[in-house]
Amino acid sequence: MAMRKLFQTVHVNSESEIGNSEFDLEYYLLEKEIQLDGFCVNTYGVEISKCSKDENKVLHKEYRKVFDVFCTQKEAEEVLEKLARNAVTPISLLDVLESLIGTGDLVNEETSFIAV
């Protein structure tokens, strides 16, 4: 059974030389039960979702999910706290996870970019 739970929402309003940017980031805890050597164990992952509107009020959604990264919920929540505190976006999630937990190729991930 898989579970997705909202951990935290961050509103970002930044100004730069190329213009203003305003968007919301949602950080989710992912939990999944897997079979390992005949036993059921829970693994944990993270998801970041970004929602923004362009100048034409078109809604843009982007997300990245990384599954099966952590063995405990506490580990996943500690990383989610750091991600939210630093307003990490979906596009940089893999690089940040690599820096935080020292892992290389995270193969169990999902990404999407859409305009609604």
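**Charged pairs and the fold around them**

Arg4 has a relative accessible area of 46%, so this residue counts as partly exposed. That value, like every other value in this passage, is computed from a predicted model. Arg4 makes a good starting point for a tour of the chain, as the residue takes part in a salt bridge and also lies over an aromatic ring.

The salt bridge of Arg4 is formed with Glu47, and the closest N and O atoms of the two residues are 2.7 Å apart. This pair links distant parts of the chain: Arg4 belongs to strand E1 (residues 2-16), Glu47 belongs to strand E3 (residues 39-53), and 43 residues separate them. The two partners fall into separate accessibility classes, since Glu47 is buried with a relative accessible area of 2%, whereas Arg4, at 46%, is partly exposed. Arg4 also lies over the face of Tyr28, at 3.7 Å from the ring centre. A second charge is placed over a ring in the case of Lys50, whose charged end sits 4.4 Å from the centre of the ring of Phe23. As for pairs of aromatic rings, the structure holds zero of them.

It helps to set these residues within the overall fold. The chain contains two helices and five strands, and reading along the sequence gives the pattern β-β-β-β-α-α-β. Of the 116 residues in the chain, 31% are buried. The accessible surface of the chain amounts to about 7,500 Å², and carbon and sulfur atoms account for 49% of this area. Among contacts between residues at least 6 apart in sequence, 55% join residues that are at least 24 apart.

How many salt bridges does the structure have? The count comes to four. Side chains of opposite charge can pair when their charged atoms come close. One of these salt bridges joins the side chains of Lys32 and Asp68, with a distance of 3.2 Å from N to O. Lys32 lies in strand E2 (residues 19-36) and Asp68 in strand E4, so this pair ties together parts of the chain that are 36 residues apart in sequence. Both ends of the pair are partly exposed: Lys32 has a relative accessible area of 25%, and Asp68 has a relative accessibility of 32%. Another salt bridge is found between the side chains of Glu78 and Lys74, at 3.9 Å from N to O. These two residues are separated by about one helical turn, because they are four residues apart in helix H1 (residues 73-85). Here Glu78 counts as partly exposed at 43% relative accessibility, while Lys74 counts as exposed at 59%.

Strand E4 (residues 59-70) is also the place of Arg64. Is Arg64 buried or exposed? With a relative accessible area of 13%, Arg64 is buried. A polar atom of the Arg64 side chain lies 3.3 Å from the backbone oxygen of Pro90.

Leu29 offers a view of a buried position in strand E2. The relative accessibility of Leu29 is 2%, which is why the residue counts as buried. Which residues are in contact with Leu29, leaving aside its neighbours within four places in sequence? They are Met3, Arg4, Lys5, Phe7, Tyr44, Gly45, Gln73, Ala76, Glu77 and Leu80. Arg4, the residue that opened this account, is thus among the contacts of Leu29. The C-alpha atoms of Leu29 and Leu6 are separated by 6.4 Å, although the two residues are 23 apart along the chain.

Two positions deserve a word on backbone geometry. Most residues other than glycine have a negative phi, and most peptide bonds are trans. Asp68, which is not a glycine, has a positive phi of about 55 degrees. This is the residue of strand E4 that meets Lys32 in a salt bridge. Ala87 is not a glycine either, and its phi is positive at about 50 degrees. Where does Ala87 lie? The residue is placed in the loop between H1 and helix H2 (93-101). With a relative accessible area of 28%, Ala87 is partly exposed.

How values were computed: Residues are numbered from 1 along each chain as its sequence is written. This is a predicted model: local features need pLDDT of at least 70, side-chain atom pairs count only at pLDDT 80 or more; totals for chains, interfaces and linings use all residues. Side-chain values use heavy atoms; hydrogens and water are left out. Buried means under 20% relative accessible area, exposed over 50%, partly exposed in between (1.4 Å probe, protein chains only). A polar contact is a pair of N or O atoms within 3.5 Å; within protein, one must be able to donate a hydrogen and the other to accept it, and residues adjacent in sequence count only if both atoms are side-chain atoms. Contact means heavy atoms within 4.5 Å. Accessible areas come from the Shrake-Rupley method with a 1.4 Å probe; for residues, only the protein chains shown count as cover. Rings of Phe, Tyr and Trp (its six-membered ring) pair if their centres lie within 6.5 Å; planes under 30 degrees apart count as stacked, over 60 as edge-to-face and the rest as tilted. A charge sits over a ring if NZ of Lys or CZ of Arg is within 6 Å of the ring centre and within 35 degrees of the ring normal.
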